[in-house]
Amino acid sequence: MSMILDAFVGKLLERLASFVEEKTVMVLGVEDELKRLQRRLARIQIVLEDAERRSLEDSAINNWVNELKDAMYDADDIIDLCLIECAQLLDQDPPPSPPPPSSDLLPVCCYSILSCLISTPHRYEIGEKIKSLNDRLAEIYEDRVRFNLDPEIHAGVTAVNSHQTSPVVADLDVVGREIEDATSDLVRLMDEREERKCILFGITGMGGIGKTTLAQKIFNHGKIQSKFQLKSWICVSQTYNEIELLKQMIRAAEVSYGEANTKAELVPVLKSAVSGKNLFLVLDDVWRADVWVDLLRSPLQSAQIDAVILITSRDENVARQMGSVHIHPVLQLPVETGWEMLTRKLVMIGGREEEISNLREIGIQIINKCFGLPLAIKAMAGVLAKKEPIAKEWKRVLNNDAWSARKLPEELRGALYLSYVDLPSPLKQCFLYCSLFPEDCMFFREDLIKLWVAEGFIKEGVDSLMEDKAEEYYHELIQRNLLQLYPLNYDGIACKMHDLFRSLAVLLSGDESFSGNSTERSNISLTKLRRLSITGQGNAAGILAVVTEQRFLRTLLVFSGSQSLSYDNLGRFIHMRVLDLTNIAIEIIPDAIGDLYHLRHLDLDQTLIRRLPESIGRLSNLQFLSLCRCKYLTILPQSITALRNLRRLALSDTPLAFIPIGVERLKQLNSLGGFVVGDDSNTVKVGEGHATMHSTLEELSSLSNLRILHIYKLERARPGSLMLGELSQLKELQLACTPLNYREEQEKIDKEISLIQNLFEELIPPQFLEQLFITCYFGHGYPKWMMSPSLGSYLSYLSIVDLVDNMSCPQLPPLGQLPHLKILYIAGANAVKHIGPEFLGGGVSSSKSPKRTAFPKLQLLTIYRMPNLEEWFFSDEKEENDALQNLVLFPCLYELILMDCPKLRALPCGLGRTALKKLYVTGADSLQEVGNLPHIVEWIYLHENKSLNRISNLPVLKRLRVRECYALKYVECLNGLQQLELVDDSMDCLPEWLSRLTEECGSGSDEFNAEDDFLLQLWCNERVLRRCQQGGKDWPVIEQIQRLNAYVKEGKGYLRFVKQPFFYETNI
């Protein structure tokens, strides 16, 4: 990532100001030189924005900027050294009492004379480094006059809007008839093809023009989704991995590839996996024809399957080389369609349509400069959304010099580059940093936040954490359309970067960073590489050999679990700030890790390490340490409590025996995941007594900055050891016990139950808590604060609740009164036999309605592994009418998942009054009926429900999947059904209800919509499949169905039938 000088120098000035007046600086003897450095940086900063803007076009200014960047990296290291020395002085014990004050006395040093003498040579060296740096900066500063740099260039660049912290979830990018017409035409061509073999279709066009959007429309089209048994979407990109691509296709076929891990092993598995099935495959972003010609063509064609392969590529020649029978070129959007897209995006972000319409004339000129590229138009929406909606501001965007940048590749000029130029300097750093992630990679909000903070991109706020500001930056980049929210993730936790924006970020990062495959050693610049990310399988030793000699590396990210790396030379990377070795097969961390005193971020998740060296305690600048899922790590070094700057310590799912004593010293901690309560029997002999080796819950009370806290093995804790209410900043809390061992004596069990109940009564969380997880609690009832009728008013900010394996609690808390609860997960509640109106808690009152609302914001409800649950009802029978009339139920519920509740006899009667859209029920062996859900629209999935007899009164349901529900006899009143998936290899013939259902759905009509005509997907045995053939006993039923895809569940037989236009094919 290329340094953004303006932001970097600002951060250095902030760091200098924080300690330059300290007495410890006087002891170091560098006070004057540091103040000189401070003044010099302040003078340089005022011309930096103009210098960086012009460096793209002017090579002389670019050289001046690069020279200054080298000096700034050195300045950052020197400031680190000063802070380390100052911290060491502060750790020295001062004399018992200071000398009496006297005007005749000179200033007195309160630090140990011995400590000052020991480190004098080192401090002299620091002083010489600062003096040398100041001399360099003086020379660089004088050179600025040759370039006429403008100190007033700041006008026109927007600031980060710190109030807009929520990403826009809705995506209204599809506008105009063009994409709808193209979708219909291509689907029709795919459907009308006569040959049933592998046929390729191509979508081509320049980057950012909407190829992927069109492919997504086709992939999700009802006719495609219903016609093809297997559907797979693979993003190929420039540097695809053959092994991972083959594995992805095999997984899409729902087949295991076992231990196969080579091309020779996986190709036969793929061939077998798709044989006898039909396939719709999208190969998105193809750069070379070899992905088809040399990799996929042979296994797919030799399997003799019916397949449509849709490719997208910027190069029409690639589509032709792959053998596409039809190539659709995506053309630029018409001006009016582009204006519609721009207006819609601005309104979606919060603009007023009337104000935007008044700026149409200037807006059309901006659209013309975007050359009909949807990506460019969306980028401009992100820029204009940050401007006041007046002609003056829009004209400033229209006339910005960034439109005319000539030294960029053509596809990156104009709107894309301008959207980068418009970013505030701190956001530019964060944007460019994303180029270190692999192409088309999904990356998570929390990872970006930690990395940005560790790299020094985020300034500390007065009343907020750096992590909060980093999250604002994340949402800002999404709002500006520079990052794209990843679909199907909750609350915007994951995103990706369009390949054009990534290309822009890579280009602007220059030679300071490299992101690529472990075999691409020749592509790495031999200049001062600062940041390196390695992807792909293989031996990365070659890449590290290149950068080891340079010793300038600040960041190393490894994105693969199969890398072969040697870490013996880690200590040579003395400038390292970020080291991420997640999922690497490393077993030993060398002692030399302690020499990386600049290190801020160390991630060893899912590694094979068995111990950490005590030298880790020397990492005085470390802010983030992650040791999750390290299955062989059982103990931490005592020195870990010396990491005074540590902000996050992540230990989840690592089998630690305890946390070393002294965690209370980590005053900067705001996230502690996996705190293990120690066993008091583990002590060491001290003198004539014994002392514990582990931290206690009492120590947590002093960590006032904690936002996230996960506590394990709570059964070891003593009552009174922690008052959670004192941790007023806490947002996420997990309370976890070890499952009770019922093989012990009953008296001991009763005592443990009593102790854990008393402890949980005391663990009352602070009222601003947002996420609560309770795991393996073995008390005989939830604590009173959870069962209280005032739960909703006290914990009103809760949005996520997980109650897992709390096996002895017979009643669920009144969670329906939580006004902001969005996700609720309940599992392993073995003692619960009934869920009744107490679960609703009387609901939440509203000033807008006289009725109360139960679960007013809940979107996802999961009830899993409740073996004794027999009943679920919302009110007693006598009170049902009155109670339900005055209570609104689940108005935002989108999905309900019921799994492994074998005694549940019925769904609650009032479920039909909710907003439920999706229902998944499996393992409900006593459930006899699913019905009376008039609003459920999207799908119902019923799997292995042994007593299910009836499915009825689902008038708007579009998709139903029934799998191995052998007692089913009645399926009726599903008038809106578009697709039925029936999986049953035990039946001897088609069920009687199927004939009635097809008539009910109107599938015999001669007029039908291409997306809405009824489809039956059938998985059965070969005997039934033969009955479905023309002339077979079940053919009279089949010929009334508009479309049928039937398969032998355990075999290769198939039958495909379309009523209009007529098509019939079978291989038996």
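**A walk from Ser533 through the fold**

Ser533 is buried, since its relative accessible area is 0% and the cut-off for a buried residue is under 20%. The model in which this residue sits is a predicted one, and the values discussed below are computed from it. Ser533 belongs to strand β10, which covers residues 531-535. A polar atom of the Ser533 side chain lies 2.6 Å from the backbone oxygen of Leu436. Once the neighbours within four places in sequence are set aside, the residues in contact with Ser533 are Leu436, Phe514, Ser515, Gly516, Leu557 and Phe559, and Leu436 therefore appears both in this list and as the partner in the 2.6 Å pair.

For the setting of this site, it helps to turn to the whole protein. The protein has 1068 residues, of which 54% count as buried, and its secondary structure comprises 33 helices and 43 strands. Among the contacts in the protein with a separation of 6 or more, 61% are between residues 24 or more positions apart.

A second buried strand residue is Phe675, in strand β18 (residues 671-676), which counts as buried because its relative accessibility is 0%. Beyond its neighbours within four places in sequence, Phe675 is in contact with Ile659 and Val663, with Ser695, Thr696, Leu697 and Leu700, and with His710, Ile711 and Tyr712. Gln734 is 59 residues away from Phe675 along the chain, and the C-alpha atoms of the two are separated by 10.0 Å.

Burial is also found in a loop. Met322 lies between α14 (316-321) and β5 (324-329), and with a relative accessible area of 3% Met322 is buried. Apart from neighbours within four places in sequence, the contacts of Met322 are Leu200, Leu283, Val286, Ala289, Val291, Trp292 and Ile311. One of these, Val291, is 31 residues from Met322 along the chain, with 8.9 Å between the C-alpha atoms of the pair.

Turning to the helices, α1 (residues 5-19) packs with α4 (residues 48-55) at an angle of about 150 degrees, their axes being 8 Å apart. Angles over 145 degrees count as roughly antiparallel, and α1 and α4 are therefore roughly antiparallel to each other. At this junction Leu5, Asp6 and Val9 of α1 meet Leu48, Glu49 and Glu52 of α4, and the contact, sorted by class, has three nonpolar residues, three charged residues and no polar ones. The span of α1 from its first C-alpha to its last is 22 Å for 15 residues, close to the 21 Å expected at 1.5 Å a residue. Twelve of those 15 residues are buried, leaving α1 mostly covered; the buried set includes Leu5, Asp6 and Val9, and also Lys11, Arg15 and Phe19.

Helix α11, which runs over residues 242-252, has Ile243, Leu245, Leu246, Lys247, Met249 and Ile250 as buried residues. An α-helix has 3.6 residues a turn, so residues three or four places apart point the same way. The buried residues of α11 pack against two strands and two helices, namely β2 (230-235), β3 (278-284), α12 (263-274) and α13 (290-302). At the start of α11, a side-chain oxygen of Asn241 comes to within 3.0 Å of the backbone nitrogen of Ile243, whereas just after α11 it is Glu254 that takes a positive phi of about 60 degrees.

Conventions: Residues numbered from 1 in each chain as written. Predicted model: local features only at pLDDT ≥ 70, side-chain atom pairs only at ≥ 80, totals over all residues. Heavy atoms only, no water. Axes fitted to C-alpha atoms, helices over the stretch in contact; angles between N-to-C directions. Helix = DSSP H or I, 4+ residues; strand = E, 2+ residues; numbered from the N terminus. Parallel < 35°, antiparallel > 145°, perpendicular 65-115°, else oblique. Contact = heavy atoms within 4.5 Å. Nonpolar A, V, L, I, M, F, W, Y, C, P; charged D, E, K, R; others polar. Buried < 20%, exposed > 50% of the residue type's maximum accessible area, 1.4 Å probe, protein only. Polar contact = N/O pair within 3.5 Å; in protein donor to acceptor, adjacent residues only side chain to side chain. Expected span 1.5 Å × (residues − 1).
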